[in-house]
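Trainee: I would like a close look at a single part of this model, please. Take me through its side chains one by one, and then show me how that part sits among the rest.

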Amino acid sequence: MAAQSFANILRNLGPQIAGGGSALLGLAGIGYGAYESVYTVEGGHKAVMFSRISGVQDDVIGEGLHFRVPWFQYPQIYDVRAKPTKITSPTGTKDLQTVNISL
């Protein structure tokens, strides 16, 4: 008797659980879409937006939090910080000695 009442309860809850599962799946899809529509450009970086429809956009995007259309726009992020470089050049003096100069 208890097994039959438990089976009846499960039969009655089945459609409700399935409806809740599809709502949860829909909510997860919306959350994923919102996550994919936001990107961050860090300090010292710039971004150029590539669109699948119109190609590379003319605008250069600065640092900060920005929005995009998921699956159609992709930001290409570049490092634009000034990097120090050391240039070494061997040179000669008047008395024919070699001297290394570094800048």
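**Charged pairs and the loop after β4**

Mentor: Gladly; let us begin with Lys 83, which is exposed at a relative accessible area of 56% (over 50% is exposed, under 20% buried and anything in between partly exposed, using a 1.4 Å probe and protein chains only). Its side chain meets that of Asp 79 in a salt bridge, 3.5 Å from N to O (a side-chain nitrogen of Lys or Arg within 4 Å of a carboxyl oxygen of Asp or Glu). Through salt bridges with shared partners, Asp 79, Arg 81 and Lys 83 form one network. Arg 81 also pairs with Asp 79, and the closest N and O atoms there are 3.0 Å apart. Arg 81 is partly exposed at 48%, and Asp 79 is partly exposed too, at 31% relative accessibility.

Before we go on, please keep in mind that this is a predicted model, where local features need pLDDT of at least 70, side-chain atom pairs count only at pLDDT 80 or more, and totals for chains, interfaces and linings use all residues. Residues are numbered from 1 along each chain as its sequence is written, and side-chain values use heavy atoms, with hydrogens and water left out.

The count of salt bridges is 3. One of them joins Glu 36 and Arg 68, with N and O 3.1 Å apart. Glu 36 belongs to helix α1, while Arg 68 sits in the loop between β4 and β5, 32 residues away in sequence, so this pair links distant parts of the chain (helices, H or I, are DSSP runs of at least four residues and strands, E, of at least two, numbered from the N terminus). Arg 68 counts as buried, with 12% relative accessibility.

The loop that holds Arg 68 deserves a longer look. Val 69 lies in the loop between β4 and β5 and counts as partly exposed at 43% relative accessibility. Then comes Trp 71, which takes part in the 1 aromatic pair that is counted. Its partner is Tyr 32: the ring centres are 6.4 Å apart and the planes make an angle of 45 degrees, which is tilted (for rings of Phe, Tyr and Trp, its six-membered ring, a pair needs centres within 6.5 Å; planes under 30 degrees apart are stacked, over 60 edge-to-face, the rest tilted). Because Tyr 32 is in helix α1 (residues 2-36) and Trp 71 in the loop between β4 (64-67) and β5 (73-79), the pair ties together parts 39 residues apart in sequence. Both rings are partly exposed: Tyr 32 has a relative accessible area of 46%, and Trp 71 has 48%.

These residues also share a surface feature. Tyr 32, Tyr 35, Ile 53, Val 69, Trp 71 and Phe 72 make up a nonpolar patch with about 740 Å² of accessible area together (members have over 30% relative accessible area and no salt bridge; nonpolar side chains, Val, Leu, Ile, Met, Phe, Trp and Tyr, are joined within 5 Å, like charges within 9 Å; areas are Shrake-Rupley values with a 1.4 Å probe, and for residues only the protein chains shown count as cover). Phe 72 in turn touches Ser 51, whose contacts beyond four places in sequence are Gln 57, Phe 72 and Gln 73 (heavy atoms within 4.5 Å). Ser 51 lies in strand β2 and is buried, at 7% relative accessibility.

From strand β2 we reach the interior. The largest nonpolar core has 5 residues, Tyr 39, Val 41, Ala 47, Met 49 and Ile 61 (buried Ala, Val, Leu, Ile, Met, Phe, Trp, Tyr and Cys residues joined through side-chain atoms within 4.5 Å). Strands β1 and β2 (45-51) each supply at least two of these residues. Beyond four places in sequence, Val 41 has contacts including Ala 47, Ile 61 and His 66.

Thr 40 is placed in strand β1 (residues 38-41) and is partly exposed, at 42% relative accessibility. Its C-alpha atom is 4.6 Å from that of Leu 65, although 25 residues separate the two along the chain. Apart from neighbours within four places, Thr 40 is in contact with Gly 64, Leu 65 and Ile 77.

Stepping back, the chain holds 1 helix and 7 strands, in the order α-β-β-β-β-β-β-β. Of its 103 residues, 12% count as buried. The accessible surface comes to about 8500 Å², with 63% belonging to carbon and sulfur atoms. Among contacts with a separation of 6 or more, 44% join residues 24 or more positions apart.
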